[in-house]
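Please look through the sequence and the three-dimensional model shown here, and keep both at hand while reading. The paragraphs below move from the packing of helices to the cysteines.

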Amino acid sequence: MAKKSEPPCQAEACALQDCLGKNTYSPEKCDRYMRDLYKCCAKLYDETNDKGESTACPMPSVVRRWLRTHEEK
């Protein structure tokens, strides 16, 4: 997780929301922010044995599946 935020990954979620607000008709421009959020969530789950909780993160299986299907190029 890049920054210490409460709840965890909140800063990444806010950055994604800001990007989506600015790019209503081009959400693909926000892929970097989505990746940052999901990487933060994955790290939270890895560090807490999937017990970590954050309103900014979907459940662990969703995070891992998204990261698997959206590999970095």
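**Helix packing and disulfides**

Helix H1 (residues 10-22) and helix H2 (residues 31-47) have axes that come within 9 Å of each other and cross at roughly 160°, where the axes are lines fitted to C-alpha atoms, for helices over the stretch in contact, and the angles run from 0 to 180 degrees between N-to-C directions. That angle makes H1 roughly antiparallel to H2, on a scale in which angles under 35 degrees count as roughly parallel, over 145 as roughly antiparallel, 65 to 115 as roughly perpendicular and the rest as oblique. The helices themselves are DSSP runs (H or I, at least four residues), numbered from the N terminus, while strands (E) would need at least two residues.

This is a predicted model, in which local features need pLDDT of at least 70 and side-chain atom pairs count only at pLDDT 80 or more, while totals for chains, interfaces and linings use all residues. Residues are numbered from 1 along each chain as its sequence is written, and side-chain values use heavy atoms, with hydrogens and water left out.

Returning to the first helix pair, H1 passes H2 in a left-handed crossing, a term that applies if the near helix is turned anticlockwise from the far one by less than a right angle, clockwise being right-handed. On the H1 side the contact (heavy atoms within 4.5 Å) is made by Glu-12, Ala-13, Ala-15, Leu-16 and Cys-19, and on the H2 side by Tyr-33, Met-34, Asp-36, Leu-37 and Cys-40. The residues of this contact of H1 with H2 divide into eight nonpolar, no polar and two charged; here Ala, Val, Leu, Ile, Met, Phe, Trp, Tyr, Cys and Pro count as nonpolar, Asp, Glu, Lys and Arg as charged, and the others, Gly among them, as polar.

The second helix pair is formed by H2 and H3, whose axes come within 9 Å and cross at roughly 130°. H2 and H3 are therefore oblique to each other, and H2 passes H3 in a left-handed crossing. From H2 the contact takes in Met-34, Arg-35, Tyr-38, Lys-39, Cys-41, Ala-42, Tyr-45 and Asp-46, and from H3 it takes in Pro-60, Val-62, Val-63, Arg-64, Trp-66 and Leu-67. By class, the residues of the contact of H2 with H3 divide into 10 nonpolar, no polar and four charged.

How many disulfides does a search of the whole structure find? There are three, counting as a disulfide a pair of cysteine sulfur atoms within 2.5 Å. A disulfide is a covalent bond between the sulfur atoms of two cysteines.

One disulfide joins Cys-9 to Cys-40, with an S to S distance of 2.1 Å, and it is left-handed because the torsion about the S-S bond is about -95°. Since Cys-9 lies in the segment before H1 and Cys-40 in helix H2, the pair ties together parts that are 31 residues apart in sequence. Cys-9 counts as buried at 1% relative accessibility, and Cys-40 is likewise buried, with a relative accessible area of 3%; buried means under 20% relative accessible area, exposed over 50% and partly exposed in between, using a 1.4 Å probe and protein chains only.

Cys-19 and Cys-30 form another disulfide, with their sulfur atoms 2.1 Å apart, and this link is left-handed, with -90° about the S-S bond. Cys-19 lies in helix H1 and Cys-30 in the loop between H1 and H2, so the pair ties together parts that are 11 residues apart in sequence. Cys-19 is buried at a relative accessible area of 8%, and Cys-30 counts as buried at 2%.

The sulfur atoms of Cys-41 and Cys-57 lie 2.0 Å apart in a disulfide, which is left-handed, with -90° about the S-S bond. This pair links distant parts of the chain, 16 residues apart, with Cys-41 in helix H2 and Cys-57 in the loop between H2 and helix H3 (60-69). Both of these cysteines, Cys-41 and Cys-57, are buried. When the bonded cysteines of the protein chain are numbered in sequence order, the pairing reads 1-4, 2-3, 5-6.

Why is Cys-14 not bonded to Cys-9? The sulfur of Cys-14 is 11 Å from the closest cysteine sulfur, in Cys-9, which is too far for a bond. Cys-14 is partly exposed, with a relative accessible area of 39%.
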